[in-house]
Amino acid sequence: MNGYLASIIGTVLLCAVLTAILPQGKTSGLIKGIAKLACVLVIVSPVLHFFKTGEIGGNSAEDSFTFFPQTGIQTDESFIHYYSEMRVRETETLLKSELLDRYAVETEVTLLWEEETEQVGKYYESERIKINQIHIKCEEEPSKELKENMWEYLTKNYCSEVLIE
């Protein structure tokens, strides 16, 4: 979209400068007309591109709306990985607090996780964090019944493997 707006602005400015420095004469009217035509063509270029691709009603809805050729978005993988790690650390802290409130047990929580990519549609990939295992290390040895209750609660609510030490 930024490239489209920049091309419109650049064309209009170029045409304005051209018509300002153009000497008066028989050809000035023709050149001004061509400059106006160039401005109009740049403005309607997305519509022309749409008709040029020939995808009017023949293909799926995903493919038919390609107004701009640059429809892909490149992601910053290192930022996404950093943000994922921060979300996992935040979840560990919240889970530790939840176990303290619910069972009155001081714990150390570690989540084993991975980034999972799922193909959604033809062009879009959905990425999410998948927790594979919850590792709970208790400061004091909990009773067998408490361990079972914690294991059942964590397995049910977090849908992953739980290891309590």
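Where do Phe 79 and Tyr 83 both lie, and how many residues apart are they? Both belong to helix α5, at a separation of 4 residues, or about one turn of the helix. That helix is a good way into this predicted model, so let us start with the overall layout and then come back to α5 because several features meet there.

**Overall layout**

- The protein contains 6 helices and 3 strands, and along the sequence they run in the order α-α-α-α-α-β-β-α-β.
- Of the 165 residues in the protein, 23% are buried.
- Among contacts with a separation of 6 or more, 51% are between residues 24 or more positions apart.
- About 12200 Å² of the protein is exposed, and carbon and sulfur atoms supply 59% of that area.

**Helix α5**

- Helix α5 covers residues 77-103, and its 27 residues should span 39 Å at 1.5 Å a residue.
- The C-alpha atoms at the two ends of α5 are 38 Å apart, which agrees with that expectation.
- The buried residues of this helix are Ser 84, Val 88, Glu 92, Leu 95, Leu 99 and Tyr 103.

**Aromatic pairs**

- Searching the whole structure turns up 2 aromatic pairs.
- One of them joins Phe 79 and Tyr 83, whose rings are stacked, with 6.3 Å from centre to centre and 20° between the planes.
- Both partners of this stacked pair come from helix α5. Phe 79 is partly exposed at 49% relative accessibility, and Tyr 83 is also partly exposed, at 47%.
- Tyr 103 and Tyr 153 also pair: their ring centres are 6.2 Å apart and their planes meet at 70°, so this pair is edge-to-face.
- Because Tyr 103 sits in helix α5 and Tyr 153 in helix α6, the edge-to-face pair ties together parts that are 50 residues apart in sequence.
- Tyr 103 counts as buried, since its relative accessibility is 16%, and Tyr 153 counts as buried at 14%.

**Positive phi values**

- Just after α5, Ala 104 takes a positive phi of about 55°, although this residue is not a glycine.
- Ala 104 is placed in the loop between α5 and β1, the latter being residues 107-120.
- With a relative accessible area of 65%, Ala 104 is exposed.
- Cys 159 is another residue other than glycine with a positive phi, here near 50°.
- The loop that holds Cys 159 runs between α6 (144-158) and β3 (161-164).
- Cys 159 counts as exposed, at 67% relative accessibility.

**A nonpolar surface patch**

- Leu 37, Val 40, Leu 41, Ile 43, Val 44, Val 47, Leu 48 and Phe 51 make a nonpolar surface patch of about 690 Å².
- Helices α2 (26-43) and α3 (45-52) each supply at least two residues of the patch.
- The most is given by α2, with 4 residues.
- Val 40, one of the patch residues, lies in helix α2 and is partly exposed, with a relative accessible area of 46%.

Notes: Residues are numbered from 1 along each chain as its sequence is written. This is a predicted model: local features need pLDDT of at least 70, side-chain atom pairs count only at pLDDT 80 or more; totals for chains, interfaces and linings use all residues. Side-chain values use heavy atoms; hydrogens and water are left out. The expected span of a helix is 1.5 Å times one less than its number of residues. Buried means under 20% relative accessible area, exposed over 50%, partly exposed in between (1.4 Å probe, protein chains only). Rings of Phe, Tyr and Trp (its six-membered ring) pair if their centres lie within 6.5 Å; planes under 30 degrees apart count as stacked, over 60 as edge-to-face and the rest as tilted. Patches are made of residues with over 30% relative accessible area and no salt bridge: like charges are joined within 9 Å, nonpolar side chains (Val, Leu, Ile, Met, Phe, Trp, Tyr) within 5 Å. Accessible areas come from the Shrake-Rupley method with a 1.4 Å probe; for residues, only the protein chains shown count as cover. A salt bridge is a side-chain nitrogen of Lys or Arg within 4 Å of a carboxyl oxygen of Asp or Glu. Contact means heavy atoms within 4.5 Å.
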